[in-house]
Amino acid sequence: MKQSLFYVPTLREAPKDAEVKSHKLMARAGIIRMSAAGIYTYLPLGYAVIKKIETIVREEMDKRGGSELLMPALQPRDLWEESGRWAEYGPELMRLKDRKERDFCLGPTHEEVITEAVRDHINSYKKLPLALYQIQTKFRDEMRPRFGLMRGREFIMKDMYTFSESEEDLAVWYQRMKEAYTEVFRRCGLQTRIVASDVGQIGGDEAHEFMVMSEVGEDTISYCTVCEYASNKEFSGLKKGDDCPECGGGIETAQGIEVGNIFKLGTKYSESMSATFTDKDGKRKPAIMGCYGLGISRTLMAVVEQHSSENGLVWPDELAPFDVHVVPVKYAGEAHIEAVNGLYDRLKKSFAVLLDDRDERLGAKLADADLIGIPARILIGRDFAEGKVEFSDLRSGKKRLVDVDDIETALSK
Ligand code: ATP
Ligand code: MG
């Protein structure tokens, strides 16, 4: 990709409403642009990374037996009356009317729609289990939209729903999703802590949250300094200095960003909405459900928070929108431009390349490159005439001269 055509509107100053580092940087780096409070455009750089996160999520879901579908964002009131949530949900639900004055909402979550979509089909235990997921835009009129993509009113989520014939089978899916999430976040360059949590608004039997430990996180985690025990403080009430309920060790607290969660829903929706099946003994039973949410856009924000400084970021390898950023000190003079383009065409055969072909000062190009955050950079300067370029690994900060012929080898490492 030539940078002159890649729309990355970088800013010198962060917008005034940006409070945390990642939000400031995402605005300055041309990753997102606010449209209204809690509502954002994903600019090409941001959207490129969103698509990479989605690819990882799809791979990990599909590998474990998930089938992808896409449900409507616009949902009729009738369905929400069936589950009782039209009245229960409160002001976070974005409600609207169609031209015939019928009530709808913009989906904040999809338990009702998925249950309706499968209930006529799952009449026998032979049709179970089912594991269905989607990646979709959700709408929630949050009381305090803030920190950029962390708490949006419109945001991207992956939500999976499982339907099982027994508690044992639900436990299998629950464990499988725990592993899938651990792997998704690891591939996204995030270390997560799995914490026990309250089943809350959705209603159910057991729940865990995936937390990225970070001082800007809105959740407080109570964790044991001796064993693996960790819980959401809101759920356990454990304070610093309390005894660990599992080993008696000392409890500490820290802030975390919730990037995903898994719930054993049980039969709340299958009972109220009659999603029943006939078991092996001919008995009619409600399907046992699980639901598993993963914040795609919030994950992007957590990645930027964890992989950045005040002046720039370096994307984790699997999320980098390009493999290498080629920055010529000068992009002028017919012969020179031809030589640079030749190198660009050659590298493109093996790598995703961003070439800074803009007519800008070097300082401006490098400041933008630091914001864009491609982990490998090639600076084409004076030594190019002697067949050498400067290769930098942004993660280690190491720079060295390499032969033009050896660039592919250097990049493969
Ligand atoms: P929170 O406690 O942060 O409000 P939640 O319990 O409402 O989250 P779920 O309804 O389970 O979250 O949603 C699944 C995932 O979607 C969350 O783990 C989070 O990563 C993401 N998410 C939830 N609300 C938002 C939001 N307003 N903006 C961005 N991502 C969100
Ligand atoms: Mg919420």
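This report walks through a predicted model of a protein, from its overall layout down to a few individual residues.

**The big picture**

The protein has 413 residues, and 51% of them count as buried. Its secondary structure adds up to 12 helices and 21 strands. Put a box around the C-alpha atoms along the principal axes and you get roughly 80 × 60 × 45 Å. The protein exposes about 19300 Å², with carbon and sulfur atoms supplying 48% of that. If you take the contacts with a separation of 6 or more, 68% of them come from residues 24 or more positions apart.

The chain is split into domain 1 (21-306) and domain 2 (322-412). Their C-alpha centres sit 41 Å apart.

**The cores**

Where do the two domains share a core? The largest nonpolar core has 59 residues, and Tyr181, Tyr292, Leu300 and Trp315 have the most contacts inside it. Helix 6 (residues 167-187) gives the most to this core, with eight residues. Both domain 1 and domain 2 give residues to the core, so it lies between them.

Tyr181 is a handy place to start looking around. Leaving aside neighbours within four places in sequence, Tyr181 is in contact with Met61, Lys158, Phe210, Gly260, Asn261, Ile262, Tyr292, Gly293 and Leu294. Apart from that core lies another one, of 27 residues, with Trp86, Leu128, Ala207 and Phe277 among them.

**Ser164 and its surroundings**

Ser164 is in strand 8 (residues 154-164). Is it buried or exposed? Ser164 is buried, since its relative accessible area is 0% and the cut-off for buried is under 20%. The side chain of Ser164 makes a polar contact of 2.7 Å with the side chain of Asp169. Beyond its neighbours within four places in sequence, Ser164 is in contact with Leu128, Asp169, Leu170, Trp173, Phe277, Ala287 and Ile288. Two of those names, Leu128 and Phe277, are also among the residues of the 27-residue core.

**Backbone oddities**

Most residues other than glycine have a negative phi, and most peptide bonds are trans. A few spots here go the other way. Leu128 and Pro129 are joined by a cis peptide bond, with omega about 0°. Pro129 is in the loop between helix 5 (111-118) and strand 7 (130-139).

Two residues that are not glycine have a positive phi, Glu101 and Phe147. Here they are side by side:

| Residue | Phi | Loop | Relative accessible area |
|---|---|---|---|
| Glu101 | about 65° | between strand 5 (94-97) and strand 6 (103-106) | 57%, exposed |
| Phe147 | about 55° | between strand 7 and strand 8 | 10%, buried |

So both residues sit in loops between strands, but Glu101 counts as exposed, whereas Phe147 is buried.

**Helix 11**

Which residues of helix 11 (residues 362-372) are buried? They are Lys365, Asp368, Ala369, Leu371 and Ile372. Looking down the axis of helix 11, these buried residues fall within an arc of 160°, so they line one face of the helix. The general reason such a face can form is that an α-helix has 3.6 residues a turn, so residues three or four places apart point the same way.

What do the buried residues of helix 11 pack against? Their partners are helix 1 (21-28), helix 2 (44-63), strand 17 (324-328), strand 18 (353-355) and strand 19 (376-380). Right after helix 11 comes Gly373, with a positive phi near 80°.

**Phe351, a buried loop residue**

Phe351 is found in the loop between helix 10 (334-348) and strand 18. Despite its loop position, Phe351 is buried, with a relative accessible area of 16%. Setting aside neighbours within four places in sequence, Phe351 is in contact with Asp323, Val324, Glu408, Leu411 and Ser412. The C-alpha atoms of Phe351 and Phe322 are separated by 7.9 Å, though the two residues are 29 residues apart along the chain.

How values were computed:
Residues are numbered from 1 along each chain as its sequence is written. Chains are lettered from A and ligands numbered from 1 in the order in which they are written. This is a predicted model: local features need pLDDT of at least 70, side-chain atom pairs count only at pLDDT 80 or more; totals for chains, interfaces and linings use all residues. Side-chain values use heavy atoms; hydrogens and water are left out. Helices (H or I, at least four residues) and strands (E, at least two) are DSSP runs, numbered from the N terminus. Buried means under 20% relative accessible area, exposed over 50%, partly exposed in between (1.4 Å probe, protein chains only). A polar contact is a pair of N or O atoms within 3.5 Å; within protein, one must be able to donate a hydrogen and the other to accept it, and residues adjacent in sequence count only if both atoms are side-chain atoms. Contact means heavy atoms within 4.5 Å. The arc is that of the directions from the helix axis to the C-beta atoms. A nonpolar core is a set of buried Ala, Val, Leu, Ile, Met, Phe, Trp, Tyr and Cys residues joined through side-chain atoms within 4.5 Å. Domain bounds come from an automatic or database domain assignment. Accessible areas come from the Shrake-Rupley method with a 1.4 Å probe; for residues, only the protein chains shown count as cover.
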